[in-house]
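User: Please take a close look at one helix of this model, and then set it against the loops, cavities and pocket found elsewhere in the chain.

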Amino acid sequence: MLTRARKRLVAGLVAVVAATGVTMVAAPTAQAAGNTEYVYSAAMHRNIPVRIVDGGGGGPKPTLYVLDGLRAPNNTSGWLQNTDVDRFMVGKGTNVAIPFGGGGSFYTDWERTDPKLGLNRWETFLTRELPAYMQRRHNSDNRRNGIAGLSMSGTSALNLASRHPGFYRAVASYSGYPTVTLPGFNQGIQASVAEMGGNPINMWGIWPAGQWAANDPFLSANNLAGKHVYVSSGTGVGSKYDSSVNPASANFNPVKFAQMVPLEVAASTSSQLYIGRLAVVPGVKLTTHITPDGVHWWDYWESDFKQSWASTFRPAFF
C-alpha cells in the first residue's frame, strides 16, 4: 500500500503533469526499416497503418508488437521518429509490428465510443485482428508473441500480456504505470485521457467500478507466471543525456524539467511497486532496470528496448 507521503507525492506529480500539459517535441522523422501496411479493423471500422519489419526466412516466425505513447500520431510512431529500433530489429528473425495511432486510448477496448477519441477497440485489434493479418501475410506462428510499450503503453503492454497470457510469451514496460487502480495513479490515467480530449468514463467506466480492476496489471500479475517480463524506469533525478533537466546546471530548463521529470518519478514509483508484486509470482522470468538517473524520454526507452530484446524477447522466442 502507498504511504500517505507517497500518495501526496503522486497526487502532486499528477497535478504538475496536468498543469504543464507535457507537450514534447519530437525529433525529425528518421528513415525507417520495413514497410507501412494498412490492416483493416472490423472492430474499429477503419484501416490501421502498421509499420512492419518482416523477420525474413521461410519458416514460421515470432512477432513482437511495439506500442506508442500517449500522443501517438495517426501517420507514424514515436518509435520511428525518435529511435532506430526498426532498423535494429532487421535480421533478428522476428516480425515486428508497430501500429500507428491509439493516442490517449491505453490500447484497450473502451466501454463506449468517445466523441473525441472515437471508437477504440485496440485490445481486439492487437490480440485478434492484427495477429491474424501477421500470420496470413508475414508467416507469424502466433505462438511466440511479445509486446512492448513506453509510458502509457508500458501500462498497456503489461495489461494485455496479463489479460492474454496464452498469447504472449514476453512483455516489456519502459516507464509504465502498472498500478492502475492505486490512489494517485488512477487519477493520473484519467488526467492523461482527458489531456488528449477523451472522457475517461468512456474507457473503463467510473473508478473504482467499471473495468478498472479488470485492466490493472498489478492485480492480474499472477497471470504472468512462467513468462519473460522486463520492467524499467529512471528515478527522474537527472539525465546523463541532457543536463538541462538538472536544476543545478547552468543551462537548466524549467519547462523541460516539468515535462520530463515528474512523469518519470511517478513511473519509477509505480514500476517498483509492480516489481515487488511480480517478485512473488511463481516462475516469472523477471528482468528489471531501475536506473539512478533517467527522465521520461526516448533516449532511455531506445536503450531499454535493446536491453529487453537481449534479456527478455530473444530468450522467449528462440
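Analyst: In this predicted model, the buried residues of α4 are W122, E123, T124, F125, L126, T127, E129, L130, P131, Y133, M134 and H138. That is 12 of the 17 residues of α4, so the helix is largely enclosed by the rest of the structure. The buried residues pack against the strands β1 (35-41), β2 (46-53), β3 (61-66), β4 (95-99) and β5 (140-150), and against the helix α5.

The helix α4 covers residues 122-138, and its end C-alpha atoms are only 21 Å apart. A straight helix with 17 residues would reach 24 Å at 1.5 Å a residue. There is also a bend in α4 of about 30° at L130, with a proline, P131, following within four residues. Both L130 and P131 are among the buried residues of the helix. After α4 comes N139, which has a positive phi, near 60°.

Positive phi values are also found at two serines. One is S151, in the loop between β5 and α5, with phi near 55°. Because its relative accessibility is 11%, under the 20% cut-off, S151 counts as buried. The strand β5 and the helix α5 that flank this loop are also among the elements packed against the buried residues of α4. The other serine is S175, in the loop between β6 (170-174) and α6 (185-195). Its phi is positive too, about 55°, and S175 counts as buried at 2% relative accessibility.

S175 leads to the cavities. The structure holds 2 cavities of 30 Å³ or more. The largest has a volume of about 40 Å³, and S175 is one of its lining residues, together with S233, G234, E264, H289, T291, V295, Y300 and D304. By class, this lining has 2 nonpolar, 5 polar and 2 charged residues.

The second largest cavity has a volume of about 30 Å³. It is lined by F106, Y107, T155, S156, N159, W204 and N215. Helix α5 (residues 152-163) supplies the largest share of this lining, with 3 residues. The helix α5 therefore has a part in this cavity as well as being packed against by the buried residues of α4. The lining has 3 nonpolar and 4 polar residues and no charged ones.

W204, which lines the second largest cavity, is also one of the contacts of E111. E111 lies in the loop between β4 and α4, on the way into the helix under discussion. E111 is partly exposed, with a relative accessible area of 33%. Leaving out residues up to four places away in sequence, E111 touches I201, N202, M203, W204, G205, G210 and Q211. The C-alpha atoms of E111 and N202 are separated by 5.7 Å, although the two residues are 91 apart along the chain.

From the other side, G205 lies in the loop between α7 (201-204) and β7 (228-233). G205 is buried, with a relative accessible area of 8%. Its contacts beyond four places in sequence are E111, R112, P200 and W212. G205 and R112 are 93 residues apart in sequence, with 8.9 Å between their C-alpha atoms. The loop between α7 and β7 also holds P208, which is joined to W207 by a cis peptide bond with omega of about 5°.

A further loop runs between β3 and α2 (78-82), and T76 lies in it. T76 is buried, with a relative accessible area of 12%. Beyond its neighbours up to four places away in sequence, T76 touches D68, Q81, F100 and G101.

The second largest pocket has a volume of about 240 Å³. Of the 14 residues that line this pocket, the closest to its centre are R46, N74, G102, G103 and L117. The lining has 5 nonpolar, 7 polar and 2 charged residues.

For the wider setting, the protein chain contains 10 helices and 8 strands. Of its 318 residues, 58% are buried. Among contacts between residues at least 6 apart in sequence, 77% join residues at least 24 apart. The contact of E111 with N202, at 91 residues apart along the chain, is one such case.

Note on methods
Residues are numbered from 1 along each chain as its sequence is written. This is a predicted model: local features need pLDDT of at least 70, side-chain atom pairs count only at pLDDT 80 or more; totals for chains, interfaces and linings use all residues. Side-chain values use heavy atoms; hydrogens and water are left out. On a 1 Å grid over the protein atoms alone, a cavity is a set of points where a 1.4 Å probe fits but cannot get out, and a pocket is an open set with protein on both sides within 12 Å along at least five of seven lines; lining residues have an atom within 4 Å of a point. Grid points are joined across faces, edges and corners, and a volume is the space filled by probe spheres set on the points. Ala, Val, Leu, Ile, Met, Phe, Trp, Tyr, Cys and Pro count as nonpolar, Asp, Glu, Lys and Arg as charged, and the others, Gly among them, as polar. The expected span of a helix is 1.5 Å times one less than its number of residues. The bend at a residue is the angle between axes fitted to the seven residues ending there and the seven starting there. Buried means under 20% relative accessible area, exposed over 50%, partly exposed in between (1.4 Å probe, protein chains only). Contact means heavy atoms within 4.5 Å.
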